[in-house]
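Please look at the sequence and the model below before reading on. The report afterwards goes from the whole chain to a few chosen places.

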Amino acid sequence: MNKVVAEERPVESSDAGVNVKPSHRQPAGPDPTPQIGAGTVGIITVDNPIMSSRDVNVFYGDKQAIRNVSLDIARNQVIAMIGPSGCGKSTFLRCLNRMNDTIESARVTGSITMDGRDIYDRRQDVVQLRARVGMVFQKPNPFPKSIYENVAYGPRIHGLAADRVELDEIAQTSLQRAGLWDEVKDRLANPGTSLSGGQQQRLCIARTIAINPEVILMDEPCSALDPIATARIEDLIDELRASYAICIVTHSMQQAARVSQRTAYFHLGDLIEVGETDRIFTNPRHKLTEDYITGRFG
Ligand code: ADP
């Protein structure tokens with residue numbers, strides 16, 4: 001295999017967030033102060049992050065699902081969360097727009113900030129947060145409404161359009177950006193559920209875009225789609241990153257390699273390694289990452 005070793009981001013002068021704790025491949029040395037993200041190999045920070053998580057733990061009842069996850073989310077970049085089933089990828093993703101609030105047994109500790117503000121602050125309006133941090137789910141889930149209404153509903157309830165003309169414009173632009181307009185422009189009144197699976201997922205993306213998010217979370221968005229529909233969504237993700245930060249959970253390493261610039265590898269609730277996607281897939285530093293990407297595990 002042709003090995004391409006990608007450079008890591010330059011280390012910030014403060015060394016903040018850089019793991020200097022020994023991993024199995026690094027020589028052990030004195031480490032008197034706990035480091036942020038110390039359990040993770042690679043650089044967990046980025047310049048000017050849109051979101052930052054620090055020491056995030058999630059419990060479902062007594063069971064801990066993720067441990068001390070510290071990770072920055074970069075603007076205009078796709079980060080892929082990979083790892084074996086049950087390792088906590090979706091749990092972490094759901095922390096970023098407080099979707100775990102909807103699970104009664106879930107408890108989140110640690111800090112997650114967006115533009116420096118704690119999203120778990122009790123003054124945080126969760127509806128506003130979810131408008132800024134939109135989510136696309138595994139199974140396309142259009143509302144039982146028309147194609148038009150699926151996209152117009154959010155902008156209407158968030159008061160983003162002054163009148164019907166503006167609402168029509170938002171609906172059209174969102175459908176265009178989701179690559180669906182040409183396929184649906186003559187049947188906007190038809191039910192969203194009348195579309196194919198891939199079209200429904202693009203409709204859900206249009207619905208997310210319509211309320212001007214800054215971050216889009218995608219939880220295995222292609223797992224219910226055929227390869228052609230998957231390729232369209234992957235192309236779309238690449239286009240959307242010009243405007244949004246995108247976090248995608250995927251069980252497909254090929255997909256992670258195709259769509260992301262940065263990859264986070266989770267294992268049994270721990271964030272094991274983070275780095276540039278090319279580097280993670282060609283030169284993983286942690287044995288667990290290497291085992292996973294070479295198919296020896298998971
Ligand atoms: P992944 O996305 O990597 O497959 P999850 O985040 O879905 O992993 O799950 C992480 C762990 O948390 C698993 O052990 C899973 O069984 C558990 N878990 C996930 N959701 C719930 C829930 N709603 N209630 C209880 N346990 C859950």
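The text that follows describes the chain, the ligand shell, one pair of helices and one loop residue.

This is a predicted model, in which local features need pLDDT of at least 70 and side-chain atom pairs count only at pLDDT 80 or more, while totals for chains, interfaces and linings use all residues. Residues are numbered from 1 along each chain as its sequence is written.

The chain has 10 helices and 10 strands, where helices (H or I, at least four residues) and strands (E, at least two) are DSSP runs numbered from the N terminus. Of its 298 residues, 44% count as buried, meaning that 20 or more other C-beta atoms, placed from the backbone, lie within 10 Å of a residue's own, whereas 12 or fewer make a residue exposed and a number in between makes it partly exposed.

The ligand is surrounded by 13 residues, each with its backbone-placed C-beta atom within 6 Å of the ligand; the closest are Tyr60, Ala65, Lys89, Ser90 and Thr91. Helix α1 (residues 89-95) gives the most to this shell, with 3 residues.

Helices α6 and α7 pack together as follows.

| Property of the α6 and α7 pair | Value |
|---|---|
| Angle between α6 and α7 | about 20 degrees |
| Distance between the axes of α6 and α7 | 9 Å |

The axes are lines fitted to C-alpha atoms over the stretch in contact, with angles running from 0 to 180 degrees between N-to-C directions. Because of this angle, α6 is roughly parallel to α7, a term for angles under 35 degrees.

Asn212 lies in the loop between α6 (197-209) and β7 (215-219), and it is partly exposed because 17 other C-beta atoms are within 10 Å.

Definitions and conventions
Angles under 35 degrees count as roughly parallel, over 145 as roughly antiparallel, 65 to 115 as roughly perpendicular and the rest as oblique.
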